[in-house]
Amino acid sequence: MVEAEAGALPERRRGRLPAAREVATRVGLLVLVLALLWGLWEGWRWIGTHFDLTWPFPVNDVTMPHLHRIVQALFEPAQVNGPWLIDILWHASLFTAKEAVVGFLLGAVIGFAIAIALSQSRVLERGFIPYIVASQTVPLLAIAPMVVIGLGSKGVRDWVSVAVLAAYLTFFPVTINTLRGLQAADPRAVELMRSYAAGRWSIIWKLRVPSALPFLFSALRIAAPLAIVGAIISEPAASIQGGLGGAIVNFNQYYSIEPQELWATNTIAALLGIFFFLAVVVAEKLVVHRAPEHVA
């Protein structure tokens, strides 16, 4: 018994080594990519200022501020005797994240429900897919005032209107990918379940939905950053100043004087989108364990 336990310890340690190496490799790759991006930015900035380049744009302190100056701006007051910029953007990120989460969940549920409905009828699929595709060609800025004013007249809060607009961007990839996943179930498995007198809903939830999970999470990885983009774009239309959209509009007015503040805001917005993406990746790791062709 003691020998078995002693033999199990080296096996556990050997199992941890590949995981530790993978983490170290990922961290090292991240540092390498960041260093490469820093080098490209600062290198092009030096070339542009040294040779007075004007194509494709003039390179100066306004168009390309130093990266260390952008980071430094986060830990400086945005206004005289005001809070640090990072503090302002932190609260703005939380507000935008709230809108994006609600919009993401709403869009995912709506997209999933539409995919389930369309998967049950070729006539419905052929009839509605063109309109679903066409809906994504309408600019969000054209829809935003209609949604904000329409829902505002019903007593809905402005941030909820922004969440609805974020859902508008997220439902499309979820619908298309989930529909494809539902149709990717093994026909032999479908026929087997039918031979056992399984009902339509049993086939959907026990066979088609599990086979669609990898497709669904692929769509959610795309939809997660889109929810952030939809929320940020929609905030100015809803006259919301407390989110990242309002911060971008505000700092855009002073770009010629303090360009690093707008760049810092854009960086925080990008990090928020990356966080949403990674959250979906983690959820996928917990839910999906097998490829769709192995799901029966």
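Axes are lines fitted to C-alpha atoms, for helices over the stretch in contact, and angles between them run from 0 to 180 degrees between N-to-C directions. This convention underlies the helix geometry reported here for a predicted model.

## Helix 10 and its two partners

Helix 9, residues 244-252, packs against helix 10, residues 259-287, at an angle of about 160°, and their axes are 9 Å apart. Angles over 145 degrees count as roughly antiparallel, and helix 9 and helix 10 are therefore roughly antiparallel to each other. Their crossing is left-handed.

On the side of helix 9, the contact involves Leu244, Ala247, Ile248, Phe251 and Asn252. These residues meet Glu261, Leu262, Thr265, Asn266, Ile268, Ala269 and Leu272 in helix 10. By character, the residues of this contact comprise eight nonpolar, three polar and one charged.

Helix 10 also meets helix 8: the axes of helix 8 and helix 10 come within 9 Å and cross at roughly 160°. Helix 8 and helix 10 are therefore roughly antiparallel to each other. The crossing of helix 8 and helix 10 is right-handed.

Helix 8 contributes Leu213, Phe217, Leu220, Arg221, Ala224, Pro225, Ile228 and Ile232 to the contact with helix 10. From helix 10 come Ala269, Leu272, Gly273, Phe276, Phe277, Val280, Val281, Ala283, Glu284 and Val287. The residues of the contact of helix 8 with helix 10 fall into 15 nonpolar, one polar and two charged. Ala269 and Leu272 of helix 10 take part in the contact with helix 9, and Ala269 and Leu272 also belong to the contact with helix 8.

## Aromatic pairs

The structure holds six aromatic pairs. One of them joins Trp46 and Phe51, which are edge-to-face, with 6.4 Å centre to centre and 90° between the planes. Both Trp46 and Phe51 are exposed.

A further pair is formed by Phe275 and Phe276, whose ring centres are 6.4 Å apart. Planes over 60 degrees apart count as edge-to-face; the planes of Phe275 and Phe276 stand at 65°, so the pair is edge-to-face. Phe275 has a relative accessible area of 54% and is exposed, whereas Phe276, at 10% relative accessibility, counts as buried. Phe276 is also among the helix 10 residues in the contact with helix 8.

## Backbone features in the loops

The peptide bond from Trp55 to Pro56 is cis, with omega near 0°. Pro56 lies in the loop between helix 1 (2-50) and helix 2 (67-74).

Asn81 has a positive phi although it is not a glycine, and Ser239 likewise shows a positive phi in a residue other than glycine. The table sets out these two residues.

| Residue | Phi | Loop | Relative accessibility |
|---|---|---|---|
| Asn81 | about 60° | between helix 2 and helix 3 (85-119) | 79%, exposed |
| Ser239 | near 60° | between helix 8 (200-237) and helix 9 | 58%, exposed |

The cut-off for exposed is over 50% relative accessible area. At 79% relative accessibility, Asn81 therefore counts as exposed. Ser239, with a relative accessible area of 58%, is exposed as well. The loop that holds Ser239 runs between helix 8 and helix 9. Helix 9 packs against helix 10, and the axes of helix 8 and helix 10 come within 9 Å.

Key. Residues numbered from 1 in each chain as written. Predicted model: local features only at pLDDT ≥ 70, side-chain atom pairs only at ≥ 80, totals over all residues. Heavy atoms only, no water. Helix = DSSP H or I, 4+ residues; strand = E, 2+ residues; numbered from the N terminus. Parallel < 35°, antiparallel > 145°, perpendicular 65-115°, else oblique. Left-handed = near helix turned anticlockwise from the far one by under 90°. Contact = heavy atoms within 4.5 Å. Nonpolar A, V, L, I, M, F, W, Y, C, P; charged D, E, K, R; others polar. Phe/Tyr/Trp six-rings, centres within 6.5 Å; stacked < 30°, edge-to-face > 60°. Buried < 20%, exposed > 50% of the residue type's maximum accessible area, 1.4 Å probe, protein only.
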